[in-house]
Amino acid sequence: MPVEKASRWIKEWDRQQEGYVGHREIRFEIIADALTAAGLVAPVILDLGCGPGSLGDRLAERLPGAEIVGLDYDPVLLTLARAVHAESPDRSWIELDMRRQDWVDYLDGRQFDAVVSTTALHWLGAPNLMRVYQDLTQVLAPGGVFVNGDICSYDQTQPTLRRMTAASIKANRAAAKADGAHDWVGWWEAVAAEPALEAAVAERHRRFSNLPRKQEMTMEFHLAALRQVGFREVGCIWRHLGDYLALALL
């Protein structure tokens, strides 16, 4: 796929995502701030659920000399990422399903200075997520940093916060639509009509057509899970209604 065409699709992806994820660029910036503040120099970073590499692009700008390995199971988004970064020696991609219990084996024993993720891990569901968090204690080098920027829910005892979050998402979507951005369904329908992505779209449908519904998980669940598996220091470093950034130190 030509670089220019892949770049246009990623640009439209970013605009679509911004309609669902408020302050998305600020989220990326804070993740980069956290890694910089941790004192990482030319780090090797694993980006879980990397999509087309948007977070990795921002980290590459902020952390000179970083090697960024993107891991995802979506063949369409990885096709776009690989096309854009075909000539980037410090970017590589792993096509892998983290729901596999042996997913870590496919990293060939590599350890990383940092693991990052954004708006991806909640798709795994609680049991898989707990296992992945446990696996990260093997994947990270001693003293490594995990930063997760994800979507979380308020529980049933917090109806006002749930309502405020829903209202914020609705307003954000309306603003994106008014600005001409695709919604989730619209972006995928447009991509499906791209001849260069026909095979990848068909494979994506095969992989994801029968996924279970997303589970709601609170930020407190994520933080407690990270503590339970052995991270020595865990905390929330940023939150905006239903979005948060958690940092965990091994």
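This report describes the sheet, the helices packed on it, the salt bridges and selected residue environments of a predicted model.

## Sheet architecture

The model contains an open sheet of 7 strands, arranged in the order β3-β2-β1-β4-β5-β7-β6. The pairing within this sheet is mixed. Its edges are formed by β3 (91-95) and β6 (233-240); each has a single partner strand, so one side of each is left without a neighbour in the sheet. From one strand to the next, the twist averages 15°.

## Strand β7 and its partners

Strand β7 (residues 243-249) pairs with β6 in the antiparallel sense, over 7 bridges. Within this pairing, H240 stands opposite D243 of β7, and V234 has A248 of β7 as its bridge partner. The hairpin of β6 and β7 has 2 residues between the strands. In this hairpin, L241 adopts a positive phi near 50°.

β7 also pairs with β5, again through 7 bridges, and these two strands run antiparallel. Here D150 is placed opposite Y244 of β7. Burial of β7 extends to 7 of its 7 residues. In a regular strand, side chains alternate between the two faces of the sheet. In β7, D243, L245, L247 and L249 lie on one side, while Y244, A246 and A248 lie on the other, and all of these residues are buried. Both faces of the strand are therefore covered, with "buried" denoting under 20% relative accessible area.

## Helices on the sheet

Helix α3 (residues 54-62) lies across four strands: β1 (44-48), β2 (67-72), β3 and β4 (112-118). The helix runs at about 135° to β4. Helix α5 (residues 126-139) likewise packs on the sheet, where it touches β1, β4, β5 (140-151) and β7. The direction of α5 makes about 145° with that of β5.

Helix α5 also carries a salt bridge between the side chains of D135 and R131, with an N to O distance of 3.7 Å. These two residues are separated by about one helical turn, because they are 4 residues apart in α5. Both D135 and R131 are buried.

## Salt bridges

In the whole structure, 21 salt bridges are found. Beyond the pair in helix α5, salt bridges with shared partners join R82, E95, E203, R206 and R207 into one network.

Helix α1 (residues 3-18) contains both E12 and R15, which are 3 residues apart, about one turn of the helix. E12 forms a salt bridge with R15, and their closest N and O atoms are 3.5 Å apart. R15 has a relative accessible area of 23% and is therefore partly exposed.

A further salt bridge, at 3.1 Å from N to O, brings together the side chains of R24 and D14. This pair links distant parts of the chain: R24 belongs to helix α2 (residues 24-37) and D14 to helix α1, with their positions 10 residues apart in the count along the chain. Both partners, R24 and D14, are buried.

## Selected residue environments

D14, located in helix α1, has a relative accessibility of 10% and so counts as buried. When its neighbours within four places in sequence are left aside, D14 is in contact with R24, S54 and R58. The contact with R24 accompanies the salt bridge formed by the side chains of this pair.

T165 is part of helix α6 (residues 159-178). With a relative accessible area of 11%, T165 is buried. Apart from neighbours within four places in sequence, T165 is in contact with Y154, L241 and G242. Of these contacts, L241 is the residue with a positive phi in the hairpin of β6 and β7.

## A nonpolar surface patch

Y20, W184 and V185 make up a nonpolar surface patch of about 260 Å². W184 lies in helix α7 (residues 184-192). The relative accessibility of W184 is 32%, so this residue counts as partly exposed.

Note on methods:
Residues are numbered from 1 along each chain as its sequence is written. This is a predicted model: local features need pLDDT of at least 70, side-chain atom pairs count only at pLDDT 80 or more; totals for chains, interfaces and linings use all residues. Side-chain values use heavy atoms; hydrogens and water are left out. Two strands pair if DSSP finds at least two bridges between them. Axes are lines fitted to C-alpha atoms, for helices over the stretch in contact, and angles run from 0 to 180 degrees between N-to-C directions. Contact means heavy atoms within 4.5 Å. Patches are made of residues with over 30% relative accessible area and no salt bridge: like charges are joined within 9 Å, nonpolar side chains (Val, Leu, Ile, Met, Phe, Trp, Tyr) within 5 Å. Accessible areas come from the Shrake-Rupley method with a 1.4 Å probe; for residues, only the protein chains shown count as cover. A salt bridge is a side-chain nitrogen of Lys or Arg within 4 Å of a carboxyl oxygen of Asp or Glu. Buried means under 20% relative accessible area, exposed over 50%, partly exposed in between (1.4 Å probe, protein chains only).
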